[in-house]
Amino acid sequence: MSSLDTAPADSADRGAYSPAQARTIAAAVELFGQHGVGGTSLQMIADAVGVTKAAIYFQFRTKFEIVLGVATTELAWLEAAVDEAEAEQCDVTAREMVLSRMIDLTIERRGLVGMLQTDPVIVEFLADYEPFHRVMDRLFAVLETGDSTGTPEVPAAMLMAAIGGAAAHPLVANFDNATLRSHLMHLAQRLFRLPG
């Protein structure tokens, strides 16, 4: 087995992952999607990357740091979608844009999204992860419709759970991506009263 060829875990503390760390995170994403966090060992991650377990420990001191890396990497995709939506001048266009990107990202990661929403380790971690809450607050602001029914958190949470749950559900496992995307977008537009 080879060893990972770049800097140790301290670089993750600075928010930038080395290429070797990125490979470890990518392997963890795949394994977490298949087995959950609890069902994925460091040895499994090492085997998937093609290195020794010691090489993984050189990059990340603990499994928790790998979970943090997965959460940070996946959150970056959603944050980029929110950034794009916030740059829009029209609220309706912004909502449509962020919904479209969320659906696209979910369909691209069907197995992983279901795990992110239901894995007890990830759920507990995200409940206390401040960067996640900041991105969610921004997402809620984009999705706010200004109606009098209350805060946007409930419809936004319902939408995210529905999109992730539907994309990973066995009933739609045989749907091609374009068909599934069309259905999810139609339902999201109805929920947020967007032009269809």
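**Exercise 1. Work out how glutamine 34 is placed and what its side chain meets.**

Start with the side chain: glutamine 34 and histidine 35 are joined by a side-chain polar contact of 3.4 Å. A polar contact here is a pair of N or O atoms within 3.5 Å; within protein, one must be able to donate a hydrogen and the other to accept it, and residues adjacent in sequence count only if both atoms are side-chain atoms.

Before going on, some ground rules: this is a predicted model, where local features need pLDDT of at least 70, side-chain atom pairs count only at pLDDT 80 or more, and totals for chains, interfaces and linings use all residues. Residues are numbered from 1 along each chain as its sequence is written, and side-chain values use heavy atoms, with hydrogens and water left out.

Next, the setting: glutamine 34 belongs to helix H2, residues 19-35. Helices (H or I, at least four residues) and strands (E, at least two) are DSSP runs, numbered from the N terminus.

Is glutamine 34 buried or exposed? Its relative accessibility is 56%, so glutamine 34 counts as exposed. The cut-offs are under 20% relative accessible area for buried, over 50% for exposed, and partly exposed in between (1.4 Å probe, protein chains only).

Last step: leucine 112 is 78 residues away along the chain, yet its C-alpha atom is 7.7 Å from that of glutamine 34.

**Exercise 2. Take stock of the whole chain.**

Count the elements: there are 11 helices and zero strands. Then check burial: 40% of the 196 residues are buried.

Now the contacts, meaning heavy atoms within 4.5 Å. Take those between residues at least 6 apart in sequence: 68% of them join residues at least 24 apart.

**Exercise 3. Track down the ring pairs around phenylalanine 125.**

How many aromatic pairs does a search of the whole structure find? The search turns up three. Rings of Phe, Tyr and Trp (its six-membered ring) pair if their centres lie within 6.5 Å; planes under 30 degrees apart count as stacked, over 60 as edge-to-face and the rest as tilted.

One of these pairs is phenylalanine 64 with phenylalanine 125, edge-to-face at 5.4 Å centre to centre, with 75 degrees between the planes. This pair links distant parts of the chain, 61 residues apart: phenylalanine 64 sits in helix H5 (residues 63-86) and phenylalanine 125 in helix H8 (residues 120-127).

Widen the view: ring pairs tie Phe64, Phe125 and Tyr129 into a cluster. Phenylalanine 125 has a relative accessible area of 11%, so this residue is buried. Beyond neighbours within four places in sequence, phenylalanine 125 contacts Phe64, Leu68 and Ala71.

**Exercise 4. Find the heart of the largest nonpolar core.**

A nonpolar core is a set of buried Ala, Val, Leu, Ile, Met, Phe, Trp, Tyr and Cys residues joined through side-chain atoms within 4.5 Å. The largest one has 51 residues, and Phe32, Ile45, Ile66, Val98, Leu99 and Leu159 touch the most other members. H5 gives the largest share of this core, nine residues.

Zoom in on leucine 99: setting aside residues up to four places away in sequence, leucine 99 touches Leu143, Leu159, Met185, Ala188, Phe192 and Leu194.

**Exercise 5. Classify alanine 166.**

Place it first: alanine 166 is in helix H10, residues 153-168. Its relative accessible area is 25%, so alanine 166 is partly exposed. Not counting residues up to four places away in sequence, alanine 166 touches Ala161, Val172 and Leu184.
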